[in-house]
Amino acid sequence: MRINEDLTKQVIVHSAKLDWVPSPAAGVDRRMLYRVGGEVARATSIVRYAPGSAFPRHVHSGGEEILVLEGTFEDEHGDYPAGSYFRNPPGTSHVPASKNGCTIFVRLWQYREGDGTQIVRHPGEGEPAPLREGVEAARVLFDDGKERVSVENWLPGSAVSVENRRGLEFFVLSGGLAVGGEQLEPQSWGRLPAGEALEAITGPKGAEIWIKDAPLQHPDVLQLP
């Protein structure tokens, strides 16, 4: 399966309008944003857990990066309410579930060789970041020099420009904005190849944005089996 696999092209997906696709686990559905591969794939998706659903224990052979969007995501290590961000590097494992249901944004098989950092950021955690024009708050969730992940709150009715030297991926958490004439709403996802800055105009409610500043695919990305 190949979905938005051309990393040289800008892509914007209004994921809230996509159909849910069942996963192999009962009660767990997906909206696929980017995918290369079959059931084991290099992928970026939104995943919805129905109340009481669970996914069988699995090892993250290619690493897993998650942002909890709604509800509470759970595993044997703890509970992660909306706003939680964590990275499970290659070799880790768990049994994900949700007692009351949840929705998560997840990236799989996009780790590079040697990236073994495991972190959990609870809602509101992260280091304060310098503010660009039009931004009222920003915090860094992860930065190891190879990639930088942050959440920013953009002011209403503002023009915001995000420099892009390595590649940018972004996800709208709340509010709205316009990019290149397209209106983005919560759960809109975008990807820009290096050299194409993100130029946006926020709507009357401003916007909260998750941003990853990193090569769209690391040169030493882990290889799919």
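Visitor: Where along the chain does N4 lie?

Guide: N4 lies in the loop that joins β1 (2–3) to β2 (11–14). Strands here are DSSP runs of E with at least two residues, helices are runs of H or I with at least four, and both are numbered from the N terminus. You are looking at a predicted model, in which local features need pLDDT of at least 70, side-chain atom pairs count only at pLDDT 80 or more, and totals for chains, interfaces and linings use all residues. Residues are numbered from 1 along each chain as its sequence is written, while side-chain values use heavy atoms and leave out hydrogens and water.

Visitor: Why is N4 called partly exposed?

Guide: Buried means under 20% relative accessible area and exposed means over 50%, with partly exposed in between (1.4 Å probe, protein chains only). The value for N4 is 28%, so N4 is partly exposed.

Visitor: What makes the phi of N4 worth pointing out?

Guide: Most residues other than glycine have a negative phi. N4 is not glycine, yet its phi is positive, near 50°. W109 is another non-glycine residue with a positive phi, near 55°. You will find W109 in the loop between β13 (102–108) and β14 (119–121).

Visitor: Is W109 buried or exposed, and how do you know?

Guide: W109 has a relative accessible area of 12%, so W109 counts as buried.

Visitor: How many helices and strands does the protein chain have?

Guide: The protein chain has 22 strands and zero helices.

Visitor: What makes you call the chain as compact as a globular protein of its length?

Guide: We compare its radius of gyration, taken over C-alpha atoms, with the globule rule: 2.2 Å times the number of residues to the power 0.38. The rule gives 17 Å for 225 residues and the chain's radius is 17 Å, so the chain is as compact as a globular protein of that length. The C-alpha trace spans about 45 × 40 × 35 Å along its principal axes, and 50% of the 225 residues are buried.

Visitor: Which stretch does UniProt label as a domain?

Guide: An unreviewed UniProt entry places "domain: ChrR-like cupin" at residues 9–111. UniProt positions are given in the numbering used here, feature names are shortened, and annotations may be inferred rather than shown by experiment. Over residues 9–111 the chain is 58% strand and 0% helix, and the end C-alpha atoms are 21 Å apart.

Visitor: Why is L184 called buried?

Guide: L184 has 2% relative accessibility, so L184 counts as buried. This residue sits in strand β20 (residues 182–184). Contact means heavy atoms within 4.5 Å; beyond its neighbours within four places in sequence, L184 is in contact with residues including I12, H14, F170 and V172. The C-alpha atoms of L184 and V172 are 7.4 Å apart, with 12 residues of separation along the chain.

Visitor: Where is P193, and which residues does P193 contact beyond its sequence neighbours?

Guide: P193 is in the loop between β21 (188–192) and β22 (198–213). Leaving aside neighbours within four places in sequence, its contacts are L7, T8, K9, Q10, N164, G167 and L216. Its relative accessible area is 10%, so P193 is buried.

Visitor: How do you know that residues distant in sequence can meet in contacts?

Guide: Among contacts with a separation of 6 or more, residues 24 or more positions apart account for 67%.
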